Amino acid sequence: MFFGEILSNAVDHGKKRGFEFCQAHIAAQYYKKTNILVVAIVDNGCGLLETLNSNAAMNSDFTHKKALEIALLPRVSCNRDGEYGLDTKNQSIGLTVSTEMALRACGEFTIFSGNALVRRSFSSANLTFQPLSHWNGVGVILEFDRRCLPDLAKSEIIQNLPGFEEVSLISFE
Amino acid sequence: MEIDLSKYAVHSRLLGTRNIALPIRDEIERFLGHTNSDEKIIINFSNVNPTQSFVDELLGVIVLEHGPNVLSRMVMKNCSDDIKSILHFVISDRLKTYSEKNTLDE
């Protein structure tokens, strides 16, 4: 549930853009002494800039750094391929929710793509950008303090996203 | 009729990509097109972890095509709080788009 969206995006976006053989790898390590759980997902696909370069939020700043910045905003990291579905708009919340979960679990996240890297810790209000030599694809590293994980509620994060509304017409059993 | 989504989560509980949803959506569309309006389809989310993309491809597209009334023919079964949040998020977004689209068409 945490990472499914990131994993599926990693492969889907690359394959739709001609990266037929792109792969996503996931690795996890738990550090017992510090109670830190680290999960890393990396792919060798098209990268965020290629995915987002037609997005209006790029504001003509076609850099990997800008792509990283807007990929973290809900409803901005849009899948505009139009291959599936009746229209091309996607709600795009996977990266937003996953990174927010890391911050709420007293952890941090790092995302890199192309020649840029962005990092944020729960103790900081700001994103920190760094240059990177180059990675053709996207890497996402999420760190969680295991002691905070039981208190995490993904549903609460989704309910706090902009535009969230409960639909009374949905029947649950 | 009941659709058990766990049948489609072959290797794990994850229902991640949009293309997994396509044959299931076809099945729902066939049901909606060939049954009386008082018959309901149950979508069973037991033992699966669907992503927002999957839910959007499965149900968001149907809502966008048919509008809010189609929801009266569907019942969501065994949904965790996380799944319920995803359903509300996706379907409310598609209902807004449906409403905007129909306002423009008028």
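**Group meeting: the sheet and the largest pocket of chain A**

I will begin with one pair of residues, since in strand β4 of chain A the residue that serves as bridge partner to A:Phe109 is A:Leu142. Please keep in mind throughout that what we have on the screen is a predicted model.

That pair belongs to a longer stretch of pairing, in which β3(A) and strand β4 of chain A, the latter covering residues 128-145, run antiparallel and are joined by eleven bridges. Elsewhere along these strands you can find A:Leu117, which stands opposite A:Gln130 in β4(A). The connection is a hairpin, with six residues between β3(A) and β4(A).

On to the other partner of β4(A), which is strand β2 of chain A, residues 36-43, and here the pairing is again in the antiparallel sense, over seven bridges. If you would like a residue to centre the view on, A:Val42 stands opposite A:Gly139 in β4(A).

Taking the strands together, what order do they follow in the sheet? The sheet is open and has four strands, which come in the order β1-β2-β4-β3 in chain A, with antiparallel pairing. The edges are formed by β1, residues 24-31, and by β3 of chain A, each of which pairs on one side only. From one strand to the next, the twist averages 20 degrees. As a general point for anyone looking at side chains, those of a regular strand alternate between the two faces of the sheet.

Now to the helices, where two of them can be described in much the same terms. Helix α3 of chain A, made up of residues 64-71, lies across β3 and β4 of chain A and runs at about 40 degrees to β3(A). Helix α4(A) also lies across β3 and β4 of chain A, and its angle to β3(A) is likewise about 40 degrees.

This brings me to the largest pocket, which holds about 300 Å³ of space. Its lining comprises 17 residues, and those that lie nearest the centre are A:Leu72, A:Thr96, A:Thr99, A:Glu100 and A:Arg120. Which elements of chain A each supply at least two residues of that lining? They are α4, residues 94-104, and β3, residues 108-121, and it is α4(A) that gives the largest share, with five residues. As for chemical character, the lining divides into nine nonpolar residues, four polar ones and four charged ones.

Notes
Residues numbered from 1 in each chain as written. Chains lettered and ligands numbered in written order. Predicted model: local features only at pLDDT ≥ 70, side-chain atom pairs only at ≥ 80, totals over all residues. Heavy atoms only, no water. 1 Å grid on protein atoms, 1.4 Å probe; cavity = no way out; pocket = protein on both sides within 12 Å on 5 of 7 lines; lining within 4 Å. Points joined across faces, edges and corners; volume = space filled by probe spheres on them. Nonpolar A, V, L, I, M, F, W, Y, C, P; charged D, E, K, R; others polar. Pairing = 2+ DSSP bridges. Axes fitted to C-alpha atoms, helices over the stretch in contact; angles between N-to-C directions. Contact = heavy atoms within 4.5 Å.
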